[in-house]
Amino acid sequence: MENKKNRILVADDDKEIREILIRLLTDEGYEVIAAQDGREALEKADETIDLYLLDVSMPFVSGFSAGTQIRRRFMAPIIFLTAYTEESDRMLGFSAGADDYIPKPFSNTELLIRIKSLLRRVQQYSSDTGNAKEEKRSEPGEIIFKDLTLNQNRQCVTKDGKLIAFTYTEFKILELFVTHPGQLFSLDHIYQSVWKEQAVGDETIMVHIKNIRKKLGDSSRHPKYIKTAWGKGYYAE
């Protein structure tokens, strides 16, 4: 992905912040598509966008609403920028399809690191498809686990033939579990395996796993897919 200029859609109703982001990202070599609210972000969203950077509090269509609608159509990573930092707000963000969630005011350096990390993970994912064990596949690029089918090429999950919308991060976490059934993963191990870097906290992973279970119709008390080893981590069985 670094062989081409990545396209980032920036949506923020604050003109000053929007211009700062445009300048920051352009100086880093990204192609920036700007939107002044969620409605315009939806109009400009397409398959050529490599990453979405969305403010949460925007008129007409909020960042959460725009992110939810974008996620239904496209699988590019989504980062939310917001002044809201409560746990419930972060959970709303991840439920809306976020791959990352950055509170305002933010460090320009940290923002660039998060963006580069997400783009690097997507690039690595694209080059690594096909690494799952052959006996798990019904055809190249597919992994079968119980009544789930993970298509690595299209990065989608179906359950009993019904398509379930997953974010990139949710897909990678589920893929990690189902390609290593029975293996226990600590939160640090999950973070390092999916994010490809040192863990910085447990809450993000726990929210993602909660969202995965919800989308699969799984129960934390009587799980069918992802099981909890209390105080140790998670595993698929």
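Strands are DSSP runs of state E with at least two residues, numbered from the N terminus. In the predicted model described here, threonine 149 lies in one such element, strand β7. The relative accessible area of threonine 149 is 19%. Because buried means under 20% relative accessible area, threonine 149 counts as a buried residue. When neighbours within four places in sequence are left aside, the contacts of threonine 149 are with Glu142, Ile143, Ile144, Cys156, Val157 and Thr158.

Strand β7 (148–151) also contributes to the largest nonpolar core, as do β6 (142–145), α6 (168–178), α7, α8 (203–216) and β11 (233–236), each of which supplies at least two residues. The largest share, six residues, is provided by α6. This core contains 27 residues, of which Leu174, Phe177, Ile190 and Leu216 touch the most other members. For leucine 174, the residues touched are Leu150, Val157, Phe166, Ile212, Leu216 and Ile226, with those up to four places away in sequence not counted. A second core, separate from this one, comprises 22 residues, among them Val56, Ala66, Ile70 and Ala98. In soluble globular proteins, nonpolar side chains tend to be buried together.

Helix α7 (residues 187–195) has as its buried residues Leu187, Ile190, Tyr191, Val194 and Trp195. These residues lie on the same side of α7, because the arc that they cover around the axis is only 100°. An α-helix has 3.6 residues a turn, so residues three or four places apart point the same way.

Elsewhere in the chain, an open sheet is built from five strands with parallel pairing, in the order β2-β1-β3-β4-β5. The edges are occupied by β2 (31–35) and β5 (100–103); each has a single partner strand, so one side of each lacks a neighbour in the sheet. On average, and with direction ignored, neighbouring strands of this sheet are turned by 20° against each other. Strand β1 (residues 7–11) runs parallel to β2 and is joined to β2 by five bridges. Within this pair, isoleucine 8 is placed opposite valine 32 of β2. Helix α1 (residues 15–27) packs on the sheet and touches β1, β2, β3 (51–55) and β4 (78–82). The direction of α1 makes about 170° with that of β2.

As regards confidence, the chain has a mean pLDDT of 81, and 83% of its residues reach 70 or more. Residues 128–138 have pLDDT below 50, and this stretch has 19 contacts in the model beyond near neighbours in sequence. Where pLDDT is low, the predicted coordinates should not be read in detail.

Terms used: Residues numbered from 1 in each chain as written. Predicted model: local features only at pLDDT ≥ 70, side-chain atom pairs only at ≥ 80, totals over all residues. Heavy atoms only, no water. Pairing = 2+ DSSP bridges. Helix = DSSP H or I, 4+ residues; strand = E, 2+ residues; numbered from the N terminus. Axes fitted to C-alpha atoms, helices over the stretch in contact; angles between N-to-C directions. Contact = heavy atoms within 4.5 Å. Buried < 20%, exposed > 50% of the residue type's maximum accessible area, 1.4 Å probe, protein only. Arc of directions from axis to C-beta. Core = buried A, V, L, I, M, F, W, Y, C linked by side-chain atoms within 4.5 Å. pLDDT = per-residue confidence, 0-100.
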